[in-house]
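User: I'd like to learn how to read a model like this one step by step. Can you walk me through the features as we go?

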Number of protein chains: 2
Amino acid sequence: MFYGREQILNLWEIVQDEYNPEENKKYETIFTLANGYRGLRGYNEFSNKGWKGNFIAGIYDKSEAEVQEIVNNPDPLTIKFYMDGKAINLDNHKIRRFKRFLDMRKAVLKTNLEVELSSGEILTINAERFVSKNNVHRWAAKYEIVPKNFSGKLIIENTIDGSITNSVNDPYKEAKHYNVLKMKDLRPGIFLKSSTKDKAIDVIEATTLRCYRNNNNLLRNRSFKILGDKVKELYEIFLEKNETYTIYKYGVTYTTRDNISDIEKVSEEALVGFAFEGYEKELKKHSEEWEKIWEDIDIEIKGDEKAQLGIRFNVFQLTSCANKNDSNISIAAKGLHGEGYKGHIFWDTEIFMVPFFIYTQPETAKSLLLYRYNTLSGARENAFLNGYKGAQFPWESTDNGLETTPKWGKDYLGNPVRIWTGDEEIHITADIPFAYWEYFRATNDEKFLFDYGAEIFFETAKFWESRLEYNGHKDRYEINNVIGPDEFHEHVNNNAYTNYLARWNLQKAYEISNLLKQKDFIKYDTLCNNLGLSEKDFNNWKEISEKIFIPKFDNTELIEQFEGYFQLKDYVINEWDKNKMPLWPKGVEINKLDKTQLVKQADVVMLLLLLEDEFDSNTKKLNYDYYEKRTMHKSSLSPSMYSIMGLKVGDHHNAYEYFMKTVMTDLENNQGNTEFGLHAASTGGSWQSIVYGFGGLGVDENGVLNLNPWIPEKWEKLSFKINWKGARITINIFQDKVILESTQDLTVKVFSQDCHLISYKSFVFDTSNTI
Amino acid sequence: MFYGREQILNLWEIVQDEYNPEENKKYETIFTLANGYRGLRGYNEFSNKGWKGNFIAGIYDKSEAEVQEIVNNPDPLTIKFYMDGKAINLDNHKIRRFKRFLDMRKAVLKTNLEVELSSGEILTINAERFVSKNNVHRWAAKYEIVPKNFSGKLIIENTIDGSITNSVNDPYKEAKHYNVLKMKDLRPGIFLKSSTKDKAIDVIEATTLRCYRNNNNLLRNRSFKILGDKVKELYEIFLEKNETYTIYKYGVTYTTRDNISDIEKVSEEALVGFAFEGYEKELKKHSEEWEKIWEDIDIEIKGDEKAQLGIRFNVFQLTSCANKNDSNISIAAKGLHGEGYKGHIFWDTEIFMVPFFIYTQPETAKSLLLYRYNTLSGARENAFLNGYKGAQFPWESTDNGLETTPKWGKDYLGNPVRIWTGDEEIHITADIPFAYWEYFRATNDEKFLFDYGAEIFFETAKFWESRLEYNGHKDRYEINNVIGPDEFHEHVNNNAYTNYLARWNLQKAYEISNLLKQKDFIKYDTLCNNLGLSEKDFNNWKEISEKIFIPKFDNTELIEQFEGYFQLKDYVINEWDKNKMPLWPKGVEINKLDKTQLVKQADVVMLLLLLEDEFDSNTKKLNYDYYEKRTMHKSSLSPSMYSIMGLKVGDHHNAYEYFMKTVMTDLENNQGNTEFGLHAASTGGSWQSIVYGFGGLGVDENGVLNLNPWIPEKWEKLSFKINWKGARITINIFQDKVILESTQDLTVKVFSQDCHLISYKSFVFDTSNTI
């Protein structure tokens, strides 16, 4: 169990305390260490049964693969320890003690083990590893080795493995995305330079070992060798019984994406510098960086250890994925944690993850949003290729904004099967401006809105304008042949979510044009000239937006997910599995889901959440009740949204269950595919469940921050911090009160009552009589 | 157990009927298929826990290794079958049935298995493989697959693996001896061309798959890919429940050693031709070749199934190592079966293996002898580098006759330790002419003796002449500072074996000079001019040979292994382990063996066997009795010799034990290192035990064949064939008679009585009253 056998002893540690090689790949994802620049899967050096993963953000390659995918680069982690000619390996030796854990506070992965070799020698190894947040080019590992009952010779083999491929689990898809250009002996240390096949992005991995005792170097009999695409160095250490030997492994990584002129020279010097500075010094700086981050992101849940540990895991790994210093990259659906979805970037980032960054690390949010601005040229080309105007953001994005959703998959017989999401799941083009707006609303960052957001809004509005189909007969605009968030239904007409968001997009573009014109006419004029727009266009957007059709049930407020949805065969979920996940209602044919009202994931409910203030609470409840019974949650993006909406409409019990499902997605592997990478959207959804759901945080039509908190009975306290228009607000929710503290004077509403916060003074709101 | 659980069912099959991954490497050696041109280790395609081995005779490389070693080439065998995305693997799946066996009669390796996948699917696979003796460039495999209880899709991944290295078990010694030059798609089929690092010997492996049913090609959805140093092709087959699918894999191998002009073109055409001709046709030709070979080599032992199966295994694998069409190669100490001793060639070949070929396949013997003639230039260089004349054959030889014994090893602490065998174990230089003489004696092939043997004798005689040290004080010649066959003692003076063989070498050289002069003066004169020799030299050899010192105990016939041996501390073996192998006598210090009379392996006893007719039976018994008690048999070369001598001196019981130990060396892994390759000398020793020992075959001073057979009580019959001076003699030994049949009229002696054999008529010799 991830939280220890019986009890959670440390609410900052994710623990694996039983070794089962079948679980190696799952734990590799959970134990991935990432610093935004790169992710190193939590490969266990003492087993061969895993998938090595060295992903560097922004390095994609197609070459022999079907579409561009994140490159699994040469692995610098590999190290082997030999006793009596046999590698120390958990799969071969008797394991006397085993514990592996992620210390999230310091962002260090630790392994404690004791093995007994066949000849009876007992060896204790305490290993740890970190991927520096202080200097993203650095990573290091430390191995403390104690021969308990013998003296003997240990051989250490340090390797950079240039034989790594993508998709090792799939013989048809397996691909090697780089050529090994150069391997070198750094005397000491080893060096491997690879280059991606399509774009020739060079990646250098360099590592070196150190082992001192009383200032004596213990690494003897060094040997260097190149074996095919692997470069190695070997050492011997003579172990004395019961003494402790500490071996440090230093690694540096540089790529031609770094915009450094001579990465070979730089990496070699950096490696020497790192080894000279030492492990502990860098670890300290790294942990201090994480301490600062935790100041921003930590959430405290008192009275629910599982939820506490879980939410920390989610915000930790989500933060690990982001790099505020590189606005040409974003966060992939599987983070930097695995090859799932080929490292592609979906709406998951803007709708599920970006809110977390907006409210906790707005500079990072800005960088993530800029990624879309920086890939506008690709989005424009997508629109052009599809016969539309403006910019059409890709359903799956890599380094250039071009659509990279595979057009074809294969069925069981190897026959081609068309994949339609890249053509039809066009709501992404509204989801991105939505995130820009959310950022603006929380930060008041007008400059960013005008410099970047306006162009995003205008270009996407252009797209929608050209995409809308006028139905003269009904005098309305329609968007036909789409896929909404619910992917069970393809080629549908007038998906409510898509149409509503498109309308919102056009209206906001119109509003922003007015705002910009009024506040900075020069910028307005320049942008209009650049984009070929004039006031007539903006007015037209407003006009057509008002005629966009939103399907509803008769004259009620029950929104029809898409036109004709209510005519489909109706099944209602009435059984759940032991994990409380819905079971298929009896009689449903899995290959004819499009003929039923069953829904893969939140769709109408998503809409009600995103545009909260456009719907009253009755509408929310009506729709929640209807769709909740029909949503199969076959996406990890779904439970968090139902959790939030559940809290809004008073379905507290289900809301807590949905929250726990979300927060445990990877730790309990409840989607069954954690081995392929982090469910990054779900980590963002977990944060939203806490802050938007239990915290009840919202923004009203006047732009005022509202809190309508509710916490489960067993929670003594829920605390978190948010950034709001330049201020930092600490929110502590108790069963009977809410205590707020802001770094600036500020007015917020708690349960609709104005609260005037004075900077750095606690504001106590008594809630004991509220509900 | 190699011979089946309880009973031996088929005396032609070596069976593994329990799967234990720990034993994979041992069975890889035992199940190696070789055709003299190449050896393919018996790698189990359904496990990753082994050492792939593709050795091509004569391809050596040093590059980063310490000395030249046999190259482990890219592996063409690799094939994987995937069901439900998982490779079928004995280490992961439930094994319902398992049997692997070597059908020695047809030289086919078969694997029968039934596995149950985690989802309950049961799959039967019957695989077989052969390495053609008909066309040495061809090898093939066949896989019969039956899905017992399901229909489903099978993915087949055919690979040529160019990542293979030597010494994978030793991180310090691991080396890759080739570069991958080219990988190609043969549409269908895959191609990999590698080139050795030092001498740029190119090796091409090419393979292709076929699967037809009712003339329909069942291999669908082909995909080709290159992943680093691996080239692959993938197919899908749709399996119907309970149907049988037969997949053939065809392979061809060509190298620039083949003296073919365009090996790329040739190999591609050969592959197409092979696949077109078909598996069964080539298998038939291959098996017919083996049928012919078995006509020559088979030994029948009635009444002792273990001995029967064992002796067949030994002569089968020994024959597999030889290639009569290539006289630039010889048989390595570990055959073509493993990397042990780096593929080097020792005295093992001439003294232990060549006799088998002389008497069963004289053309092959000739080719093996020619290897030494063809490497004379290296042997001359060795002598020159050491300050001697003539030719000094290397203790360890590869492709050029230069000494390749490593000069330095490492002790446990990594400190250099001098290896002296290459400098001091000089008896090899007499062992080689000895084998030439044995060949001549059995074949009367005067032409070969004059064309090649004479030069070998003269050049080695020159060496001995220069190597002898005259002791003026004692008026004798000595050979000091040597290692005899017993390697426990280094830097010894006047090793009896070495001195005796050197004397014999000089005397025979003198005799041959006379014979040649008399029979073919022109050849004699030419050779003398070529080698700078004259009658004076020959006479000198005779003279000095008579003064070579042979140490003995006082005035007895007990030969002293070397000068001073009898002064060493005397320990006598008095305990044996459960395998009846000697245990160290109490008090012996293993690191001071050179101070004791304990002997690693037959040394004096070897001498008594080789030069049988120079010693009377009392001398043999005296020495046997003395040394038998002091020989630890720490070499697989030892027990066979004691077996033969035991039979000569009447120690029948021990002789049988020694014989069984020899014959079981690899099958019972009684040296504990079968995984590193065949104990090839021991296979030859097994044959010698049978023919020289139980058959009692010898040649008397008049060159007449003598038989003094003795067989154990439980043996009803022992039969074998030998070639003798152009005739083929079949020898059937019963408890009470010997039946002989010859293809030519011939006189031989049985128990010292003349027997006049009439061609193709059985000659019955009644032995019931003889002993």
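Analyst: Sure. Let's begin with how elements are counted: helices are DSSP runs of H or I with at least four residues, strands are runs of E with at least two, and both are numbered from the N terminus. Keep in mind that this is a predicted model.

User: How many helices and strands are there in chain A?

Analyst: Chain A has 18 helices and 33 strands.

User: What does the radius of gyration of chain A say?

Analyst: The idea is to compare it with what a compact globule would give. For 771 residues that is near 28 Å, and chain A comes out at 27 Å, so the two agree. Along the principal axes, the C-alpha atoms of chain A fill a box of roughly 85 × 60 × 60 Å.

User: And how much of chain A is buried?

Analyst: Buried means under 20% relative accessible area. In chain A, 63% of the 771 residues count as buried. The exposed area of the chain is about 28,600 Å², with carbon and sulfur atoms supplying 45% of it. For the contacts, take those between residues at least 6 apart in sequence: 65% of them join residues at least 24 apart.

User: Now the two chains. Which rotation superposes chain A on chain B?

Analyst: Look at the angle and the shift together. Here the rotation is 180° with 0.0 Å of shift along its axis, and the RMSD is 0.1 Å. That is the relation of a two-fold axis. The same surface serves both copies, as 100% of the contact residues of chain A recur in chain B.

User: Which residue of chain A comes closest to the rotation axis?

Analyst: That's A:Asp229, with its C-alpha at 4.0 Å from the axis.

User: Let's do sheets. What should I look for?

Analyst: Strands of a sheet pair through backbone hydrogen bonds, either parallel or antiparallel. For a case here, take the open sheet of 4 strands in chain A, in the order S2-S3-S4-S5, where the pairing is antiparallel. Its edge strands are S2 (33–34) and S5 (69–72) of chain A, each pairing on one side only.

User: How many bridges pair strand S4 with S5 in chain A?

Analyst: Strand S4 (residues 54–61) of chain A pairs with S5(A) over 3 bridges, in the antiparallel sense. If you want a spot to click on, A:Asp61 stands opposite A:Glu69 in S5(A).

User: Where can I see a hairpin?

Analyst: Try S9(A) and S10(A): they form one with 5 residues between them, and A:Gly120 in the turn has a positive phi of about 95°. Strand S9 (residues 108–116) of chain A is joined to S10(A) by 8 bridges, and the two run antiparallel. Within that pairing, A:Glu116 stands opposite A:Ile122 in S10(A).

User: What does S10(A) do on the S11(A) side?

Analyst: S10(A) and S11(A) pair in the antiparallel sense over 9 bridges. They form a hairpin too, with 6 residues between them. Here the bridge partner of A:Ala127 is A:Tyr143 in S11(A).

User: Is S10(A) largely enclosed or open?

Analyst: S10(A) is largely enclosed by the rest of the structure, because 9 of its 10 residues are buried.

User: Next, single residues. Where is A:His137 found?

Analyst: A:His137 is in the loop between strand S10 (122–131) and strand S11 (138–147) of chain A. With a relative accessible area of 14%, A:His137 is buried.

User: Which polar partners does the A:His137 side chain have?

Analyst: One of them is the side chain of A:Tyr37, at 3.4 Å. Another is the backbone oxygen of A:Thr253, which lies 2.8 Å from a polar atom of the A:His137 side chain. Leaving out residues up to four places away in sequence, A:His137 touches residues including A:Gly251, A:Tyr254 and A:Asp258.

User: Can we try a histidine in chain B?

Analyst: Go to B:His633, in the loop between helix H15 (617–628) and helix H16 (638–649) of chain B. B:His633 is buried, with a relative accessible area of 2%. Its side chain joins that of B:Ser638 through a polar contact of 2.8 Å. Beyond four places in sequence, B:His633 touches several residues, among them B:Met581, B:Lys600, B:Tyr642 and B:Gln671.

Technical notes
Residues are numbered from 1 along each chain as its sequence is written. Chains are lettered from A and ligands numbered from 1 in the order in which they are written. This is a predicted model: local features need pLDDT of at least 70, side-chain atom pairs count only at pLDDT 80 or more; totals for chains, interfaces and linings use all residues. Side-chain values use heavy atoms; hydrogens and water are left out. Buried means under 20% relative accessible area, exposed over 50%, partly exposed in between (1.4 Å probe, protein chains only). A polar contact is a pair of N or O atoms within 3.5 Å; within protein, one must be able to donate a hydrogen and the other to accept it, and residues adjacent in sequence count only if both atoms are side-chain atoms. Contact means heavy atoms within 4.5 Å. Copies are superposed by least squares on the C-alpha atoms of residues with pLDDT of at least 70 in both. The radius of gyration is taken over C-alpha atoms; the globule rule is 2.2 Å times the number of residues to the power 0.38. Accessible areas come from the Shrake-Rupley method with a 1.4 Å probe; for residues, only the protein chains shown count as cover. Two strands pair if DSSP finds at least two bridges between them.
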